[in-house]
Structure formats: structure tokens, C-alpha cells
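Trainee: Please choose one part of this model and take me through it closely, giving the cut-offs behind each term as you use it.

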Amino acid sequence: MNKGELIDQIALKASVTKKQADAVLTAAIETIIDAVSEGDKVTLVGFGSFEARERQAREGRNPKTGDKMEIPATRVPAFSAGKLFKDRVAPDKE
């Protein structure tokens with residue numbers, strides 16, 4: 001599913017226009033990105049959490065030459081799925 005298809009589904013389920021659904025989805029995504037980039041954690045109960053994580057410096061290899069190289073430390077965005085999301089994707093089989 002791409003963004004256009006997601007907007008179609010949101011508009012259908014929320015009984016709003018596609019333009020309104022697009023505006024709300026875009027605002028939500030921008031708000032999450034802004035919060036995470038400022039170091040905040042965004043938690044949507046049942047869905048999951050977005051946060052920035054520190055990745056330590058490490059040694060890697062240049063795939064072309066095979067030479068060792070230092071990969072610098074960095075911050076990366078991360079998503080952790082919530083329980084409801086995990087259960088819907090992989091339900092417990094009893």
C-alpha cells in the first residue's frame with residue numbers, strides 16, 4: 001500500500017474527502033518527524049512508538065575494495081510495534 005492508497009482507505013473509513021484525509025495524514029507524519037527529530041518519543045497506544053536511537057561507531061568494510069573503514073556514530077529513527085499491531089500481524093495460534 002502506498003500513500004495514495006492509504007489516503008483512500010482513511011477517507012473511506014473516516015467518511016471524509018480524500019483532500020481532508022491527505023491533509024490530516026500529512027500533518028500527522030510531519031508532527032511525528034518533528035517530535036522524533038527533537039529527541040521526543042511518540043507513542044500511539046496499540047500501534048507503536050517512534051523514537052530516535054543512537055547508533056554507535058563501528059568498523060565496516062568497503063564493499064568494492066574490501067578495505068576496513070570506520071562508520072561514524074549517528075542517530076537513526078526507529079519504530080517499535082505495539083502489542084495490538086504485533087497480535088494482528090502474527091496472531092497466537094492455540
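Mentor: Two strands count as paired if DSSP finds at least two bridges between them, the strands (E, at least two residues) and helices (H or I, at least four) being DSSP runs numbered from the N terminus. This is a predicted model, in which local features need pLDDT of at least 70 and side-chain atom pairs count only at pLDDT 80 or more, while totals for chains, interfaces and linings use all residues. Residues are numbered from 1 along each chain as its sequence is written, and side-chain values use heavy atoms, with hydrogens and water left out.

The part I would choose is the sheet, together with the helix that packs on it. Eight bridges join β2 to β5, and these two strands run antiparallel; within this pairing Gly 48 has Ala 81 of β5 as its bridge partner. β2 is also joined to β1, again antiparallel, by three bridges, with Val 42 opposite Phe 50 and Leu 44 opposite Gly 48. The hairpin of β1 and β2 has three residues between its strands, and in it Gly 46 takes a positive phi near 90°.

Taken together, the strands form an open, antiparallel sheet of three in the order β1-β2-β5. Because β1 and β5 stand at the edges with a single partner strand each, one side of each is left without a neighbour in the sheet. From one strand to the next the twist averages 30° (axes are lines fitted to C-alpha atoms, for helices over the stretch in contact, and angles run from 0 to 180 degrees between N-to-C directions).

Helix α2 packs on this sheet, touching β1, β2 and β5 (contact means heavy atoms within 4.5 Å), and its direction makes about 35° with that of β2. α2 covers residues 18-37, and its 20 residues reach 28 Å from first C-alpha to last, close to the 28 Å expected (1.5 Å times one less than the number of residues). Its buried residues, meaning those under 20% relative accessible area with a 1.4 Å probe and protein chains only, are Ala 21, Leu 25, Ile 32, Ala 35 and Val 36. They lie on the same side of α2 because they cover an arc of only 100° around the axis, taken from the directions from the helix axis to the C-beta atoms. What covers these buried residues includes α1 (3-14) as well as β1 (42-44), β2 (48-55) and β5 (74-81). On the other side of α2, Lys 19, Thr 31 and Ile 33 are exposed (over 50%, with partly exposed in between). After α2 comes Gly 39, whose phi is positive, near 95°.
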